[in-house]
Structures are given as C-alpha cells and as structure tokens.
Amino acid sequence: MFFLTSCDDLFLRFKYETFECKKNSFNLDKISIRNDSVGSLVDVQFGEIYHSIKIFKNEKDLIILKNDIMDIEIKIFKKSERVDVRLKNIIKRLECEKKIFKM
C-alpha cells in the first residue's frame with residue numbers, strides 16, 4: 001500500500017518565505033528566504049539596497065543569518081515572527097509579518 005503523509009508539499013515547485021518589517025532604525029524592510037538550508041543566501045532589503053546574507057544556523061524554531069564583513073546577525077524566530085537584529089554593537093527587536101508564497 002502507498003500512503004501520502006503530506007499532500008501539501010507533494011507537487012510543490014518552490015516556496016518563498018518573506019518577513020516584511022515595520023519601519024525601524026536599521027531601515028530593514030524585508031527578508032526573503034527561498035532556500036532555508038544552512039549556507040544558502042537570503043535576500044535582505046535595507047531601504048533600496050539589497051544584501052545577500054548566508055544562513056548560519058537553521059533549527060526547528062530559529063533561523064540565524066550572519067555576515068562577518070557587515071558585522072550583522074539576524075535571528076528569525078519562526079513561530080512568533082519575531083526578528084532580532086544585531087548590527088555592530090546595536091541590538092533591536094523588530095516587528096515583522098511572515099508571508100508564505102507556494103507554487
């Protein structure tokens with residue numbers, strides 16, 4: 001016998017997760033995740049400027065993005081949609097909304 005345990009992802013071509021953040025002092029507008037595996041690049045939009053930042057860690061409830069050259073670390077809490085950003089020596093908690101697009 002053949003059982004399908006999850007039909008949601010059976011015919012899934014791609015999935016984008018986007019975190020759109022409210023106005024903040026970092027000017028961080030959006031985080032777009034296409035592939036959530038460690039080492040993959042994530043598009044992070046600061047105003048009109050886009051940066052590609054690597055996924056450093058991906059756990060059940062948390063994704064950590066890190067770029068040593070920019071001296072930035074972004075923690076995305078998957079369930080609560082909370083985003084904590086450390087840029088150099090400044091740490092802020094941002095209010096963001098998670099949106100998922102599947103096709």
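Two strands are said to pair if DSSP finds at least two bridges between them. With that in hand, K15 in this predicted model stands opposite K102 in β8, a position that belongs to the pairing of β1 with strand β8 (residues 90-102), in which the two run antiparallel over seven bridges.

**Overall fold**

The protein has eight strands and zero helices, so that its pattern, read along the sequence, is simply β-β-β-β-β-β-β-β. These eight strands close into a barrel in the order β1-β2-β3-β4-β5-β6-β7-β8, with antiparallel pairing. Within this sheet, neighbouring strands are turned against each other by 30 degrees on average, direction ignored. As general background, the strands of a sheet pair through backbone hydrogen bonds, in either a parallel or an antiparallel manner.

Of the 103 residues of the protein, 33% count as buried, and the protein exposes about 7400 Å², of which carbon and sulfur atoms supply 51%. Among contacts between residues at least 6 apart in sequence, 26% join residues that are at least 24 apart.

**Strand pairings**

Three of the pairings are set out below.

| Strands | Sense | Bridges | A facing pair |
|---|---|---|---|
| β1 (residues 15-21) and β2 (residues 28-33) | antiparallel | four bridges | F19 and I31 |
| β1 and β8 (residues 90-102) | antiparallel | seven bridges | K15 and K102 |
| β7 (residues 82-87) and β8 | antiparallel | six bridges | V85 and K92 |

Strands β7 and β8 also form a hairpin with two residues between them, and K88, which sits in the turn, has a positive phi of about 55 degrees.

**The nonpolar core**

What does the largest nonpolar core consist of, and which members touch the most others? It holds 20 residues, and L28, I31, V44, L65, I74 and I76 touch the most other members. Each of β1, β2, β3 (41-46), β4 (49-58), β5 (62-67), β6 (72-77), β7 and β8 supplies at least two residues of this core. I31, one of the residues just named, is also the residue that F19 stands opposite. For L28, leaving out residues up to four places away in sequence, the residues touched are C21, K22, V44, Q45, F46, I74, V85 and L94; V44 and I74 are themselves among the core members that touch the most others. In general terms, nonpolar side chains tend to be buried together in soluble globular proteins.

**The disulfide**

The count comes to one disulfide, which joins C21 to C96 with an S to S distance of 2.1 Å. Because C21 lies in strand β1 and C96 in strand β8, the pair ties together parts that are 75 residues apart in sequence. The torsion about the S-S bond of C21 and C96 is about 95 degrees, and the disulfide is therefore right-handed. Are these two cysteines buried or exposed? Both C21 and C96 are buried, and C21 is also one of the residues that L28 touches.

**Around S32**

S32 is found in strand β2. Its C-alpha lies 5.2 Å from that of D43, although S32 and D43 are eleven residues apart in sequence. Once neighbours within four places in sequence are set aside, S32 is in contact with E17, T18, V42 and D43.

Note on methods:
Residues are numbered from 1 along each chain as its sequence is written. This is a predicted model: local features need pLDDT of at least 70, side-chain atom pairs count only at pLDDT 80 or more; totals for chains, interfaces and linings use all residues. Side-chain values use heavy atoms; hydrogens and water are left out. Buried means under 20% relative accessible area, exposed over 50%, partly exposed in between (1.4 Å probe, protein chains only). Contact means heavy atoms within 4.5 Å. Accessible areas come from the Shrake-Rupley method with a 1.4 Å probe; for residues, only the protein chains shown count as cover. Axes are lines fitted to C-alpha atoms, for helices over the stretch in contact, and angles run from 0 to 180 degrees between N-to-C directions. A nonpolar core is a set of buried Ala, Val, Leu, Ile, Met, Phe, Trp, Tyr and Cys residues joined through side-chain atoms within 4.5 Å. A disulfide is a pair of cysteine sulfur atoms within 2.5 Å.
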